[in-house]
Amino acid sequence: MASSGTITESIRTGYQLKIAWEVGSQSVANNTSSVTVKVQLVSTGSCYTINSTASKSGSVTINGTKYTFSFTAGLSGNQTKTLYTKTVTVAHAANGTKSCSFSATCGINVTLSGTYYGNVTASGTGTFDTI
């Protein structure tokens, strides 16, 4: 169980799509948690950059609910760029436990070292602290 976590998907060497989640507050009375989710594009080295100013489309699904957003994929070396942030309230099970699913898909639509990358996806599950 945790109050925060990350889900990372390598796009190719030097580039990652990351979902970072953090539980901000929990309500015992309502049996819910507030969770903030960030979708991030990451460069892991100074030579890994993306030169793009075009508007792209992405989505993140939190606990079964999908949210869409627009972003630009331009990225500097060693940068962690937050593409989208969303805070939602999710209900726990009757016994106070919660396993929350996360999935993000971003249409980066760029060529990296000669290979074209369209949609990239990261997905996983976070287990919240029991209420």
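**A first chat about an all-strand model**

Student: What pattern does the protein follow along the sequence?

Tutor: Read from start to end, it goes β-β-β-β-β-β-β-β. That comes to eight strands and zero helices. Both are DSSP runs numbered from the N terminus: strands are E with at least two residues, helices H or I with at least four.

Student: Where do these coordinates come from?

Tutor: It's a predicted model, where local features need pLDDT of at least 70, side-chain atom pairs count only at pLDDT 80 or more, and totals for chains, interfaces and linings use all residues. Residues are numbered from 1 along each chain as its sequence is written, and side-chain values use heavy atoms, with hydrogens and water left out.

Student: Okay, how much of the protein is buried?

Tutor: 44% of its 131 residues. Buried means under 20% relative accessible area, exposed means over 50%, and partly exposed is in between, using a 1.4 Å probe and protein chains only.

Student: And what box do the C-alpha atoms fill?

Tutor: Roughly 50 × 25 × 20 Å along the principal axes.

Student: New topic: which residue in strand S7 has a positive phi without being a glycine?

Tutor: Asn109, with a phi of about 50 degrees. Asn109 sits in S7, residues 98-112, and is partly exposed at 35% relative accessible area.

Student: What about Ser113, where is that?

Tutor: Ser113 is in the loop between S7 and strand S8 (115-128). Ser113 also has a positive phi of about 50 degrees, though it isn't a glycine.

Student: Is Ser113 buried or exposed?

Tutor: Exposed, with 63% relative accessibility.
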